[in-house]
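Student: Before we accept any label attached to a model, could we go through the reasoning behind the labels, one at a time?

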Amino acid sequence: MEHAVKTCLVVDDSRVIRKVARRVLEDIGFEIAEAADGMEALAWCRAAMPDAVLLDWNMPVMNGIEFLRQLRGEPGGTAPKVIFCTVENSADHIRTALEAGADEYIMKPFDGDIIEAKFAEAGLL
């Protein structure tokens, strides 16, 4: 049986990171949308809620945590699996992310195997 293609919104202010993440996620069968900050990401989600969000922490305009808190309050906003992807690796940051509603946490720099493993753990594969 054919599965519907899952969508992942990649939210990062770095074009390079978005490009790398896109390549990895397309390889494992996702359709990708990109946003450069939380504000742009929220607009995307309001238009079409993705199955997954790969989310950077430190971004201009609206950071990852602010976006996540907003997302979880949107209609349908509890549905996407949110995987934080950040250089912030302190226990406090991780706890804050999980409390705000993140499903998984990936450290930068990441590789395809890590993303694939975390997406599998989040039940996306």
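Tutor: What follows is a series of questions on the labels given to this predicted model, each answered by setting a value against a criterion.

Student: Let us begin with the overall fold; how many helices and strands are there, and what pattern do they follow along the sequence?

Tutor: The protein has 5 helices and 5 strands, and, read from one end of the sequence to the other, they follow the pattern β-α-β-α-β-α-β-α-β-α.

Student: How do you know whether the radius of gyration agrees with that of a compact globule?

Tutor: For 125 residues, a compact globule would have a radius of gyration near 14 Å, and because the protein has 13 Å, the two agree. The C-alpha trace spans about 40 × 30 × 25 Å along its principal axes, and buried residues make up 43% of the 125 residues. Of the contacts between residues at least 6 apart in sequence, 60% join residues at least 24 apart.

Student: What makes the length of α1 agree with that of a helix?

Tutor: Helix α1 covers residues 15-27, and at 1.5 Å a residue its 13 residues should span 18 Å; since its end C-alpha atoms are 18 Å apart, the expectation is met.

Student: Which residues of α1 are buried, and why are they said to line one face?

Tutor: The buried residues of α1 are R18, A21, V24 and L25. Seen down the axis of α1, the buried residues fall within an arc of 130 degrees, and therefore they line one face of the helix. An α-helix has 3.6 residues a turn, so residues three or four places apart point the same way. On the other side of α1, R15, V16, K19, R23 and D27 are exposed, while the elements that cover its buried residues include β1, β2, β3 and α5.

Student: What makes S14 a cap of α1, and what is found just after the helix?

Tutor: S14 caps the N-terminal end of α1, with a side-chain oxygen 3.3 Å from the backbone nitrogen of V16, which is set against a limit of 3.5 Å for a polar contact. Just after α1, G29 takes a positive phi of about 100 degrees.

Student: Why is R72 called buried or exposed, and which residues does it touch?

Tutor: R72, which lies in helix α3, has 18% relative accessibility and therefore counts as buried, the cut-off being under 20%. Not counting residues up to four places away in sequence, R72 touches G77, T78, A79, P80, V82, A100, G101 and D103.

Student: How do you know whether A33 is buried or exposed?

Tutor: A33, placed in strand β2, has 14% relative accessibility and so counts as buried. Leaving aside neighbours within four places in sequence, A33 is in contact with C8, L9, V10 and W44. The C-alpha atoms of A33 and V11 are separated by 8.6 Å, although these residues are 22 residues apart along the chain.

Student: Finally, how many disulfides are counted, and why do C45 and C85 not form one?

Tutor: A disulfide requires two cysteine sulfur atoms within 2.5 Å, and by this rule the count comes to 0 disulfides. The sulfur of C45 has its closest cysteine sulfur in C8, 10 Å away, and that is too far for a bond. The sulfur of C85 also has its closest cysteine sulfur in C8, at 10 Å, and so it too is too far for a bond. C45 is buried, with a relative accessible area of 3%, and C85 counts as buried at 3% relative accessibility.

Key:
Residues numbered from 1 in each chain as written. Predicted model: local features only at pLDDT ≥ 70, side-chain atom pairs only at ≥ 80, totals over all residues. Heavy atoms only, no water. Buried < 20%, exposed > 50% of the residue type's maximum accessible area, 1.4 Å probe, protein only. Helix = DSSP H or I, 4+ residues; strand = E, 2+ residues; numbered from the N terminus. Expected span 1.5 Å × (residues − 1). Arc of directions from axis to C-beta. Contact = heavy atoms within 4.5 Å. Polar contact = N/O pair within 3.5 Å; in protein donor to acceptor, adjacent residues only side chain to side chain. Rg over C-alpha atoms; globule rule 2.2 N^0.38 Å.
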